[in-house]
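Trainee: I've got a model open and I'd like to talk through it. Can we start with the aromatic rings?

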Amino acid sequence: MIQPDAIPALDPNPLPAPYWVFKLLLIVTFFLHILAMNLMLGGGVLALVLKWRSRKHAGSNRIFLDLAKKLPVFLPATVTLGVAPLLFLQVLYGQFFYTSSIVMAWPWFLVLVFVTLAYYGFYYVSYRGGRPDARAGRVLLFSMILIFLIGFLFSNNLTLSQAPSRWAAKYFASPEGWSLNLSEPTLIPRFLHFLLAAVAVGGLLLVFLAVANWKRDQDYARQLLQFGGKAFMHATMAQFVVGIAFLLSLPRDLRMLFMGDNPWATALLLIGVGGGIGAIMLMSGALRKENVRAAAFYVPGVLVVVIASMSLMRDILRDAYLKPYFNPGQFVVSTQWSVLLLFLALFLAGVVLWFVMLKRYGLFGGK
């Protein structure tokens, strides 16, 4: 345990809406952020694989180019849709998140540098990926390494924010702010869990591209369907191994929340596992029958439920970690309904505008 004064005092400013409103907005906006992030990260990983395969499979280069032209859209979408959940996280858990950010200050600042460099790299690959030299592949690899580092630093910060008992030791070990949470047992399984989920969603992106190209170029669409569908299935199957490792790495009392102690958390885990198995079976059947619509509509529908359940489980786990230090009843609430309604209207309009922009851009259109 830690001394009571090691955790900063709660922000005295009242919440402009009830606690449950911010909690709901945190979960919903994180869900939207994670969808965009999965498309960006998964699309980038599969683009790297395709670039490597293109030396022996000519058709892989065309898919690589199709993906490369879309990566510069997904990165800013990930950042933009990540602003809201980060703000809501700071509103509800600021005393924990700010402190962990200070403990690992310099690595946390580097996130901005890494995002900027990765963004330039994606644009370079998008505009010059079709040239015969290998530079585009190296630039994409560099950009993806930066994206991996960003995800790894986020995992460090978020796990450290849930472990106040480690703050003092890490701060005094490196007062300059270079500490990471590398001793956290869940760090690597947690990071791999998000990475494999992204690869699965990246596979679905190729399935969507197969739908868009099915009438115009069926041979190319079949390549997209087969590669994307198999990538989805393999990544989802690997998720079961990593998911078990993640669950076993949790402290026993927290692990048992998902194994019977908390009916709601246990139900969410079963939904996630059952949904993953169901999605694999649906995709397998769609690939055998070349049923591109089943792969593009039924499987994503199941996957949305799985991602939603995982988002809720993540929130339950965070509250369980912080239970000894955090009490939602401490918040003072002074509801400002006019501001809240204005925010909700602008937020919904922004999400709609984003989808309109994707449609105008022809994101899922073929070449």
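Mentor: Sure. Rings of Phe, Tyr and Trp (its six-membered ring) count as a pair if their centres lie within 6.5 Å. Keep in mind that this is a predicted model.

Trainee: Which residues do ring pairs link into a cluster?

Mentor: The structure holds 17 aromatic pairs. Some of these ring pairs join up into a cluster, and its members are Tyr19, Tyr93, Phe96, Trp167, Phe326 and Phe331.

Trainee: Are the rings of Tyr119 and Tyr123 stacked, edge-to-face or tilted?

Mentor: Both residues sit in helix 4, 4 residues apart, about one turn of the helix. Their ring centres are 5.2 Å apart. Stacked needs planes under 30 degrees apart and edge-to-face over 60. The planes here are at 50°, so the pair is tilted.

Trainee: Is Tyr123 buried, partly exposed or exposed?

Mentor: Buried means under 20% relative accessible area, and exposed means over 50%. Tyr119 has 29%, which makes it partly exposed. With 34% relative accessibility, Tyr123 also counts as partly exposed.

Trainee: How far apart are the end C-alpha atoms of helix 4?

Mentor: Helix 4 runs over residues 105–128, which is 24 residues. At 1.5 Å a residue it should span 34 Å. That agrees with the distance between its end C-alpha atoms, 35 Å.

Trainee: What is the handedness of the crossing of helix 1 and helix 5?

Mentor: Helix 1 (residues 19–53) and helix 5 (residues 135–161) pack at about 145°, with axes 10 Å apart. Residues in the contact include Met40 and Leu41 of helix 1 and Leu140 and Phe148 of helix 5. As for the handedness, the crossing is left-handed.

Terms used:
Residues numbered from 1 in each chain as written. Predicted model: local features only at pLDDT ≥ 70, side-chain atom pairs only at ≥ 80, totals over all residues. Heavy atoms only, no water. Helix = DSSP H or I, 4+ residues; strand = E, 2+ residues; numbered from the N terminus. Expected span 1.5 Å × (residues − 1). Axes fitted to C-alpha atoms, helices over the stretch in contact; angles between N-to-C directions. Left-handed = near helix turned anticlockwise from the far one by under 90°. Contact = heavy atoms within 4.5 Å. Buried < 20%, exposed > 50% of the residue type's maximum accessible area, 1.4 Å probe, protein only.
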